[in-house]
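Please read these notes with the sequence and the structure open beside you, and look up each residue as it comes up. The points can be taken one at a time.

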Amino acid sequence: MTPEEKKIRRKEIQKRYREKNKDKIKEDMKTYRENNKDKVKTYRENNKDKLKEYAAKYYQEKAETLKNNSKSWRDNNPEKALSRAKKWKEDNKDKVKEYSKEWRTLNRDRINEYVKLRKATDPLFRLSSSIRRNINTALKKQGFSKSGRTFVILGCTFEVLKTHIESLWEPWMTWDNYGLYNGELNYGWDINHIIPQSSAETEERLIQLNHYTNLQPLCSKVNRDIKRNLF
């Protein structure tokens, strides 16, 4: 047997041993780390680049296997997975915030396409997005900042608001013609403030005018042309 064949043979034996005794090896490694914390810490500090390079190479070679194993573990341990994820986010708030900001910057087109699709297919999502934007705009216009959750300002959930708006529809109104406008009556409709937001002189009053009971569906022609010219 050549030296190269001996090397291959030795690796195969080692591999079979590790597979057969992986639990014992894992336990022995854990015991060693617990009994030699200072040594382990010193080694890691003195070999950061080496360990980082090894980890990168390992994950690259085992990416698919690690991904499948991780998914399998999460599927079999949903509560533990959720708890770990929650704890990691709480312990790494700055990292999560930075990653989220970076991801949004790099995926603006993807996000915009997703939002566009959701708005086209999900009336509740479109309604909630519109209401949030409207309240934020109204407050900023008056020099105020939004300090409360939207559903608190509304006085109800978005589901309740959706039902409330639908209960006030005229026969020709649907979610398909929500927000449409062509200058003609009964073509499209908007969500209108019964008492206009422009009448508010204080932040407290402006917030009161965004209560769901002050909202109604109104023909976009009336809302954008006729009613607007009255105030």
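**Notes on the predicted model**

1. A count of disulfides in this chain comes to zero. The model is a predicted one, and a disulfide is a covalent bond between the sulfur atoms of two cysteines. Two cysteines can still be looked up here: Cys156 is buried, because its relative accessibility is 9%, and Cys219 is buried as well, with a relative accessibility of 5%.

2. How far does the predictor trust its own model? The mean pLDDT over the chain is 88, and 98% of the residues reach at least 70. Confidence is lowest in helix α1, residues 3-20, where the mean is 79, whereas it is highest in strand β2, with a value of 97. As a general caution, where pLDDT is low, the predicted coordinates should not be read in detail.

3. Asn210 is a useful residue to study, and you will find it in the loop that runs between α12 (203-208) and β2 (215-219). Is Asn210 buried or exposed? Its relative accessibility is 4%, and because buried means under 20%, Asn210 counts as buried. The side chain of Asn210 makes a polar contact of 3.0 Å with the side chain of His193. Leaving out residues up to four places away in sequence, Asn210 touches Asn134, Ile135, Ile153, Leu154, His193 and Gln197.

4. Asn214 belongs to the loop between α12 and β2 too. With a relative accessibility of 8%, Asn214 is counted as buried. Which residues does Asn214 touch, not counting those up to four places away in sequence? They are Asn192, His193, Ile194, Ile195 and Leu209. His193 therefore appears among the contacts of Asn214 and also among those of Asn210.

5. Asn186 deserves a look at its backbone, since it has a positive phi of about 60 degrees although it is not a glycine. This residue sits in the loop between α11 (158-167) and β1 (189-193). Asn186 counts as partly exposed, because its relative accessibility is 45%.

6. The aromatic residues give a count of seven aromatic pairs. One of them is formed by Tyr58 and Tyr59, whose rings meet edge-to-face, with 5.9 Å from centre to centre and 75 degrees between the planes. Why do these two tyrosines fall into separate classes of exposure? Tyr58 is partly exposed because its relative accessibility is 35%, while Tyr59 is exposed because its relative accessible area is 51% and the class of exposed residues begins over 50%. Elsewhere, ring pairs join Trp169, Trp175, Tyr178 and Trp189 into a cluster.

7. Helix α4, residues 48-61, allows a simple check of its length. At 1.5 Å a residue, its 14 residues should span 20 Å, and the C-alpha atoms at its ends are indeed 20 Å apart, so the expected and the computed values agree. How many of the 14 residues of α4 are buried? The number is zero, so this helix lies largely in the open.

8. Phe125 is part of helix α9, residues 123-141. With a relative accessibility of 18%, Phe125 counts as buried, because that value is under the 20% limit. Apart from neighbours within four places in sequence, Phe125 is in contact with Val115, Arg118 and Lys119. The C-alpha atoms of Phe125 and Glu159 are separated by 9.9 Å, although these residues stand 34 residues apart along the chain.

9. Tyr114 and Thr202 offer two further distances to follow in the model. Tyr114 lies in helix α8, residues 108-121, and is partly exposed, as its relative accessibility is 46%. Its C-alpha atom is separated by 28 Å from that of Asn210, and the two residues are 96 residues apart along the chain. Thr202, in the loop between β1 and α12, is partly exposed at a relative accessibility of 42%. The C-alpha atoms of Thr202 and Phe144 are separated by 9.2 Å, with their positions 58 residues apart along the chain.

Notes
Residues numbered from 1 in each chain as written. Predicted model: local features only at pLDDT ≥ 70, side-chain atom pairs only at ≥ 80, totals over all residues. Heavy atoms only, no water. Helix = DSSP H or I, 4+ residues; strand = E, 2+ residues; numbered from the N terminus. Buried < 20%, exposed > 50% of the residue type's maximum accessible area, 1.4 Å probe, protein only. Polar contact = N/O pair within 3.5 Å; in protein donor to acceptor, adjacent residues only side chain to side chain. Contact = heavy atoms within 4.5 Å. Phe/Tyr/Trp six-rings, centres within 6.5 Å; stacked < 30°, edge-to-face > 60°. pLDDT = per-residue confidence, 0-100. Disulfide = S-S within 2.5 Å. Expected span 1.5 Å × (residues − 1).
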